[in-house]
Amino acid sequence: DTISTQPGMAQRSLGPGAARPVIRGFDGDRVMVLEDGQRMGDLSSQSGDHGVNVNPAAATRMEVVRGPATLLYGSNAIGGLVNVISDLIPDAPITRSGGTLQVDAGSGSRTGGIAADLSTGNGRWALHLGGAGRRSGDVRTPGFVVDNTQSRSGLGSVGVSRTDAKGYVGASYQYDDFKYGVPVVEGGRVQLTPRRHSLSARAERREMEGLVQNLRGSFSFRSYRHDELEGGEVGTTFHNDAAEFEVHADHRSAGRLSGTAGAWGMVRAFEAIGEEALSPPVDQKGFAVFSYQELTWPHVRLQFGARYEHAGFRPEGGLRARRFDNLSASAGVLVRPTDATTLSVNLARSVRNPALEELYFFGPHAGNFAFEIGNADLPSEKGLGLDVAFRWRGSRGSGEVSYFRNDIRDFVFR
């Protein structure tokens, strides 16, 4: 709900507990949801009844990224990406204590929530503590109550870092625990219980001497579990463990040219056990190198980027293993005729390899109201996208008019 009212944004939901952003009509694996630039590690892209494990109240801001900059995060973000940014790992010196407290309540579903965080430090070491909880009952309308739409969630986190004026190094731990009902599906008796352990480490060094001016890196490990309860009994259990690293290097400006280059890697182990185990266990690996550059003049900025990405899937049960090597590229121009107006034009060639569920799922999937038929022979999707936008921002108002078109070959319908 936080960003669904923005132009081009919508929300896919199956009850109040299971929601995910939709960008310009794209959903699932074509839209990335990140937390502080790292993948969530959940299974929200697989099914309509799977939600995103994130607490918007703990976010300092949210970014919606489209155009050439999406290549910094992944070539499968054909629609775009949402990056939820928090202060979980402090990245600047803190010399005094401070925090926030948010409490809210609603009558429609008898809901209530609380979120709090505290930051403290001595100028060298910084500590951040956070927590949140929310509980709601079934959604009530003037005519009836929507059964099995209750939810509850809890989240706790701790982050610590060593900081100075030119950088930081830190780590964090976070635990999420959600439980929500899914109406309509299988008679409205299904409840999901997503839980996630998150370990992250990040570091950055700024204003360095030499060719590389700024250097930053991150590592994360996400251990995700959820049970699908049918009438109180566990029907299916999902395990999803993922580890990833990322390195960005901003090179020193050369005349009008500035930009960044980097590398990314990921390993993942997926397993489903029970009635809706639609695939055998699958191991996934990925690696990418990328670059994003800008040429800047007083009223014009040229943006261009490219990303090479390798993905490999190795399933058990005798199914075919797959390897994909994809190259995506994008270019754009940003023109500022006046201080209040901006015209942007972006052209992108994107290549997305099929997701695990598109390759190997087979069987009835109640959460998607579908019978899944995966195909291990699917090729990568190849898209060509054009995006034109005119923006105006004044002291008393702002506006935007945009046009976009996407042509995708070998589109995977699911």
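**Reading cores, pockets and rings**

Visitor: Which residues does leucine 356 touch, leaving out those up to four places away in sequence?

Guide: In this predicted model, leucine 356 touches Gln46, Arg268, Phe270, Ser279, Val282, Phe313 and Phe361.

Visitor: Which members of the largest nonpolar core touch the most other members?

Guide: That core has 17 residues, and Phe270, Phe313, Leu356, Leu359 and Tyr360 touch the most other members. At least two residues come from each of strand 18 (257-274), strand 20 (300-315) and helix 1 (356-360). Helix 1 gives the most, three residues. A second, separate core has 12 residues, among them Leu72, Trp264, Met266 and Tyr292.

Visitor: Let's turn to pockets. What is the volume of the second largest pocket, and which residues are closest to its centre?

Guide: Its volume is about 910 Å³. The lining has 30 residues, with Val64, Arg66, Ser344, Arg391 and Glu400 closest to the centre. Elements giving two or more residues to this lining include strand 5 (61-65), strand 19 (282-296) and strand 22 (341-352). By class, the lining has 11 nonpolar, nine polar and 10 charged residues.

Visitor: How should I read aromatic pairs, and how many does the structure hold?

Guide: Ring planes under 30 degrees apart count as stacked, over 60 as edge-to-face, and the rest as tilted. The structure holds four aromatic pairs. In one of them, phenylalanine 270 and phenylalanine 361 have ring centres 6.4 Å apart and planes at 35 degrees, so this pair is tilted. Phenylalanine 270 lies in strand 18 and phenylalanine 361 in the loop between helix 1 and strand 23 (362-365), so the pair ties together parts 91 residues apart in sequence. Both phenylalanine 270 and phenylalanine 361 are buried.

Visitor: What about the rings of phenylalanine 362 and phenylalanine 371: how are their planes set?

Guide: Their planes stand at 90 degrees with centres 5.3 Å apart, so the pair is edge-to-face. Phenylalanine 362 counts as exposed, at 52% relative accessibility, and phenylalanine 371 as partly exposed, at 47%. Elsewhere, ring pairs link Phe238, Phe270 and Phe361 into a cluster.

Visitor: And backbone angles: which sign of phi do most residues other than glycine have?

Guide: Most of them have a negative phi. Arginine 110 has a positive phi of about 50 degrees although it is not a glycine. Arginine 110 sits in the loop between strand 7 (98-106) and strand 8 (111-121), and is exposed, with a relative accessible area of 62%. Aspartate 410, also not a glycine, has a positive phi of about 60 degrees. Aspartate 410 is found in the segment after strand 26 and is partly exposed, at 39% relative accessible area.

Conventions: Residues are numbered from 1 along each chain as its sequence is written. This is a predicted model: local features need pLDDT of at least 70, side-chain atom pairs count only at pLDDT 80 or more; totals for chains, interfaces and linings use all residues. Side-chain values use heavy atoms; hydrogens and water are left out. A nonpolar core is a set of buried Ala, Val, Leu, Ile, Met, Phe, Trp, Tyr and Cys residues joined through side-chain atoms within 4.5 Å. Buried means under 20% relative accessible area, exposed over 50%, partly exposed in between (1.4 Å probe, protein chains only). Helices (H or I, at least four residues) and strands (E, at least two) are DSSP runs, numbered from the N terminus. Contact means heavy atoms within 4.5 Å. On a 1 Å grid over the protein atoms alone, a cavity is a set of points where a 1.4 Å probe fits but cannot get out, and a pocket is an open set with protein on both sides within 12 Å along at least five of seven lines; lining residues have an atom within 4 Å of a point. Grid points are joined across faces, edges and corners, and a volume is the space filled by probe spheres set on the points. Ala, Val, Leu, Ile, Met, Phe, Trp, Tyr, Cys and Pro count as nonpolar, Asp, Glu, Lys and Arg as charged, and the others, Gly among them, as polar. Rings of Phe, Tyr and Trp (its six-membered ring) pair if their centres lie within 6.5 Å; planes under 30 degrees apart count as stacked, over 60 as edge-to-face and the rest as tilted.
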